[in-house]
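Thank you for making the time this morning. I would like to walk you through one model, going from the overall fold to the place where two chains meet, and then to a few details of strand pairing.

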Amino acid sequence: MTAGTIRFVLNGEVIETIVTDPTRTVLQFLREDLRLTGTKEGCAEGDCGACTVVVVEVDSSGDGVEARTINSCIQFLPTLDGKELITVEGLRGEDGALHPVQQALVDEHGSQCGFCTPGFVMSLYELYRNNPKPTRREIDDALSGNLCRCTGYRPIVAAAQKMAGEGDNWDAAAHSKTLREIARDENLGIDCGDSDFYAPKDIVTFAKLYGKYPDATILAGGTDIGLWVTKQHRDLGTIIYSGKVAEMLDVEVTGTHLEIGAAVTLTNAIPALLEQYPGLTEMFQRYASPPIRNAGTLGGNIANGSPIGDSMPALMVVGASLVLQRGFSERELSLDKFYHDYQVNDLQPGEFLARIRVPLAEDGVIVSSQKWSKRFDQDISAVCTAYRLRLDGDKVANFRMACGGLAATVQRAERCEAAVTGATWNEATIEAACKALAEDFTPITDMRASADFRLVAVQNLLRRFWLETQGEVETTVYNYGR
Amino acid sequence: MDARAVGRPLPHDSAHLHVSGQAAYTDDLPEPRDLLHLAVGMSTIAHGRIRDVDLSAVLAAEGVVDVCTSVDIPGENNYGCIVKDDPVFAGDVVQYVGQPVFAVAAMSVDAARKAARKADIACDELEAIFDPLTAVEKGSFVLPSETLVRGEPDTALEQSPYRKQDRLYVGGQDHFYLEGHVAMALPQEDGGMLVYSSTQHPDEVQAIIAHATCRDAKDIVVICRRIGGAFGGKESQASLIATIAAIAADKTGRPCKLRLDRDDDMVMTGKRHDFVIDYDVGFDDTGRILGIDFEFAARCGMSADLSGPISDRAMFHCDNAYFLENVRILSHRCKTNTVSNTAFRGFGGPQGMFAIEHVIEDIARTLGKDPLEVRRRNFYGEDERNVTHYHQVVAENYAETLFDRLLESSDYAKRRAEIREFNASNRVLRRGIAITPVKFGISFTNTMLNQAGALVHLYKDGTVMLNHGGTEMGQGLYIKVAQIVADELGVTIDKVRTTAADTSKVPNASATAASSGSDMNGKAAQKAAAKIRKRLTAFAAHKYGISEAEVDFRSNKVYIAERIVDFPELVCEAWAARLSLSAAGYYRTPKINYDRSTFSGRPFFYYAWGAAVTEVIVDTLTGEHRILRVDILHDCGDSLNPAIDLGQVEGGYVQGVGWLTTEELWWNDRGELGTHAPSTYKIPTCSDLAPDFRVELTRDHANTEKTIYRSKAVGEPPFMLALSAFHALRDALATEDRPLPDLRAPATPESILRALQEDPNE
């Protein structure tokens, strides 16, 4: 391959292309360069799913392959190097026959205007590959990143329930073989003048590169950084991609901690977290959408430090810490010390987030997280809360609470914690804690919620948590009847 | 295959293309080699006088070829379709955040969008009005206020044993078509201009471009094969985008394409009108309405656009299915410094129906009755109490029938009782249920728009090219009309191809809007096909020496007395005998007449009906809710295609639920829209669809009017079935202490918490 060339599989064919702008999106490449216009742009921010494509990679076992959806509108082209991309044009059989997923959508009248349809086809295709006989609940979850404005979804759900009837000609071994053949031995580096792109494969090279280019943009899943380009038209300068760094892709359980590499996708991090903390299940189900979770990383959520990031309240209350690395030196910092102000954190020049250390669950400790938003799925929280409660009889031995959406950063609710810790775990304590919350936070009004009702909501969420610990409310509306 | 096509659940004509990525939308068309891409520079303030527009940095940006401002428009700087108050580019003043000020033409989409941000637009800010109530107070209107009175509302109100007043708020709605606005204009020889536009109204795009570029209609061809969703958002608004493309193409002499970024689309183009509704109602102890006084304030935005007829339709539909004997409606069309609001499925009808359904519920809850009883008490009668406030006779009270059936099939009474028990024993979760009717008038209220044309070509091989003035935006119009034409000519559906809406094939077509697409284009196409059939029949009868009654066409065969001839064979013979095998068809909706100056007459050819029962559950701590079960019975007459019609009913309901629940438009105090992307503007997702969703079409209710195959229009009416969800939420929130929850639409979690707790933190 010539310098600046990436290689990947596109709908069964290995292609090589010279990258001149590393922030060119996969969608732009498909539509503008290849004139493969089946994949659509609906929003260019990963929220509507019209651009959904499937990426196939060798799975974590190293033996098989896994197919995952991503939003091509915010994925930068060079991140595809060594992977396989399947678009809506690649699903039909050699005889031109529609794929079972496509045929099911036709049979069930699952398209009206048809503009969202290619994206739905790809999300359903991933479901077909990974879970061909899904429940309604699993269908809802799989499609939460795809918006349809015409059908009201009923016929699309019907198609998902019908698609498993027919087999296709998928040969995992063949895909795996091809992916091995095109795997790159060396580190990818693309010289594009002002905006070089590096994809180192080990953390030593990564650290060296970042030491050399401390102003570089570290790119992981790109689900936030993609928008800097598509919406803000920012120049990112040099880009160092963490998605190939072996050490940053590991999820490891030590005797005391869950260690999650900074480039581990949310899809891969969430099951490990839920194994420890099942009380976070609903929050993580409502967290973004499959294509976003398939690309986006836990490390990215933390490092970007949005005040409405959904993972941080939970990580804060369980006492997660961050391993920050510069060159060869590491330091560990508690997550609740990491944020100083709106988009200001403790990272020093040349220092990067290497991994997240999450203490393992302890017996007798309740951990829960709640999300408050206008829509259940694929919405950004107006308020997000998390709790860690240890009771000693009816007394609170320890209580931690952290909130997103109420301040410039995700924050612990210190006055509230103080009001609860040591008190009796009863309604009076909760009411006192609610008063303290009003002193902990001075939220703002924006398009997601008003200041007044953000406060009402966080107080009610705490009340709800209390009722849940009393067994007084068995379910949330989110789970009701599903 | 001997079955008729009409009435069968055939798939959408493009379904196989949709699912395989082969359906070409405007942005997917092959691009000419010298194409320029456009981006629009917008006003960043809500109201101001433009002092200077400095575009030097824009012009100097990489890849930029040219810019266009208001001074580059050779003709009329207007895309307003009724009132000429909608500049393509702001000239002296800017009137909303997002108003186009200039366009930049560059070598790539990226280059154009980057450059557009480099402009320096200097303005002296002027006072801005954002909300309709302030507009009413200051007399700021895009059109004069209108009043419709029937009976003696003042007297009736005074004499009513019960009386109630309230102010209601119902929000607007972004269309959120998945395909944003897009158009490509290609200069042609001798001053011609070819325009591909994602539009519901190619004829209007043609006319406005002609005016803007000093051309004649004959010089402009507008084509649209399909639209990736429209819902009214591409009725008048598409002209803005196409006209900008045409102006740039005219100036540069090169093809130009404008595809709006989602955020720009949402900021720049109009939405459903939000309304503030004041009512004063008098009623008796049975819940019968004796007199009612409505005052509507619609936020129209900075220009009239379609706000006149939209506000009119809100006035017409504030009866929904109920007889209002003594009524006054005062309708304000408020001018605000926000984007000019426009058509959206229902066209004012939803807001009018929101008003009366709220009143009905309030009466019931005031009297302690099941709202169902009060609804039935006020339904139109069949022989008396059957004239609308605009003097159209309601020929039947079909709501009563639908209610009877639906109450039984949905098990309403039992479930309502169970819900009351559930609520009595739950502290946090509460459930609610409601049934609401829909009666929606079909026709453009502007009578002259109720006409359509079609063009049918029959080729020697027996296949058919069909064209009509309607546009395909996903609603299944093309397959429905193709079914009609296939049956008329006795060919199978695969022999009919529908081609793109094209102003050079069918001229002067109305917008595909007002649910009228298949009614009007279906009839026009049928007439065109019938002309050809008549010629073929006469030819066959003459040739074989039999009567015309003995000739029949079915399934690509011609039955000529005892003979059966392949259709293409007869067509070839007819051609050889020098018969014209092409025909134009034309249709105008009969019976309608309406005098706008008195708001009286028969604006609607007929009514479409429906009813829905929705059950919800609400978390009173978070305000979050879920729809648990939906039962719908909807009237499509004799459906042309029950699968397509079912899709309209289901999709309309869910879209209506979005309007009333999650979809909140939020502006800050500078008039900037904060919800301008799917990250902040939330339309329903798959999991918002009720786990139990039962939708049926009536099968025994042929249209009493002679519509195409006695079918009924279905585009808009089902949208308003969603009012049942809103009132199910109110039902869930209502308690003895709080019988009339003050719930504003959309019922976001915050709105619900607000209704539960009027004064927070006290």
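Let me begin with a term: two residues are taken to be in contact if their C-beta atoms, placed from the backbone, lie within 7 Å. With that in mind, and remembering that what you see is a predicted model, consider chain B, where 79% of the contacts with a separation of 6 or more are accounted for by residues 24 or more positions apart. Chain B contains 19 helices and 29 strands, and its C-alpha trace spans about 85 × 75 × 45 Å along the principal axes. For 762 residues, a compact globule would have a radius of gyration near 27 Å, and chain B, with 27 Å, agrees with that. Of the 762 residues in chain B, 64% are buried.

For a contrast to the buried part, look at B:Ser547, which sits in the loop between helix 15 (517–544) and strand 21 (551–554) of chain B. Is this residue buried or exposed? B:Ser547 counts as exposed, because it has 9 C-beta neighbours inside 10 Å, and the cut-off for that class is 12 or fewer. From B:Ser547 to B:Lys114 the distance is 71 Å, C-alpha to C-alpha, with their positions 433 residues apart in sequence.

Now to the meeting of the two chains. Here 75 residues of chain B are in contact with 75 residues of chain A. Several elements of chain B each supply at least two residues to the side that touches chain A, among them helix 1 (15–20), helix 3 (109–116), strand 27 and strand 28 (625–634). Which element gives the most to that side? Helix 17 of chain B does, with seven residues. Sorted by class, the side of chain B that touches chain A has 30 nonpolar, 27 polar and 18 charged residues.

Helix 17 of chain B also comes up when we look from the other chain, since the buried residues of helix 5 of chain A pack against helix 17 and strand 29 of chain B, together with helix 2 (100–107), helix 3 (117–130) and helix 4 (136–142) of chain A. Those buried residues of helix 5 (residues 154–162) of chain A are A:Arg154, A:Pro155, A:Ile156, A:Val157, A:Ala159 and A:Ala160.

A second place to look is where helix 16 (residues 451–469) of chain A meets helix 19 of chain B, their axes coming within 10 Å and crossing at roughly 80°. That angle makes helix 16 of chain A roughly perpendicular to helix 19 of chain B. The contact is made by A:Phe453, A:Val456 and A:Ala457 on the one helix and by B:Glu750, B:Leu753 and B:Arg754 on the other; by class, this contact has four nonpolar, no polar and two charged residues.

Let me turn to the sheets of chain B. One is an open sheet of four strands in the order 16-27-28-29, with mixed pairing. Strand 16 (429–442) and strand 29 (692–697) of chain B stand at the edges with a single partner strand each, so one side of each is left without a neighbour in the sheet. On average, neighbouring strands of this sheet are turned by 15° against each other, direction ignored. Strand 16 of chain B pairs with strand 27 (residues 606–619) of chain B in the antiparallel sense over 14 bridges, and within strand 27 of chain B, B:Val613 is the residue opposite B:Ile435.

Another open sheet of chain B, also of four strands and mixed in its pairing, has the order 19-18-17-24. Its edge strands, strand 19 (496–498) and strand 24 (582–588) of chain B, each pair on one side only, and the average turn between neighbouring strands, direction ignored, is 20°. Strand 17 (residues 451–458) and strand 24 of chain B run antiparallel and are joined by seven bridges, with B:Ser582 of strand 24 as the bridge partner of B:His457.

Finally, a hairpin in chain A. Strand 12 (residues 321–326) and strand 13 (residues 329–334) of chain A run antiparallel, joined by six bridges, and A:Ser321 has A:Ser334 as its bridge partner. Two residues lie between these strands, and A:Gly327 takes a positive phi near 55° in this hairpin. Strand 12 of chain A is also joined by five bridges to strand 16 (residues 352–359) of chain A, again antiparallel, where A:Leu353 is the bridge partner of A:Leu324.

How values were computed. Residues are numbered from 1 along each chain as its sequence is written. Chains are lettered from A and ligands numbered from 1 in the order in which they are written. This is a predicted model: local features need pLDDT of at least 70, side-chain atom pairs count only at pLDDT 80 or more; totals for chains, interfaces and linings use all residues. Two strands pair if DSSP finds at least two bridges between them. Axes are lines fitted to C-alpha atoms, for helices over the stretch in contact, and angles run from 0 to 180 degrees between N-to-C directions. Ala, Val, Leu, Ile, Met, Phe, Trp, Tyr, Cys and Pro count as nonpolar, Asp, Glu, Lys and Arg as charged, and the others, Gly among them, as polar. The radius of gyration is taken over C-alpha atoms; the globule rule is 2.2 Å times the number of residues to the power 0.38. A residue is buried if 20 or more other C-beta atoms lie within 10 Å of its own, exposed if 12 or fewer, and partly exposed in between; C-beta atoms are placed from the backbone. Angles under 35 degrees count as roughly parallel, over 145 as roughly antiparallel, 65 to 115 as roughly perpendicular and the rest as oblique.
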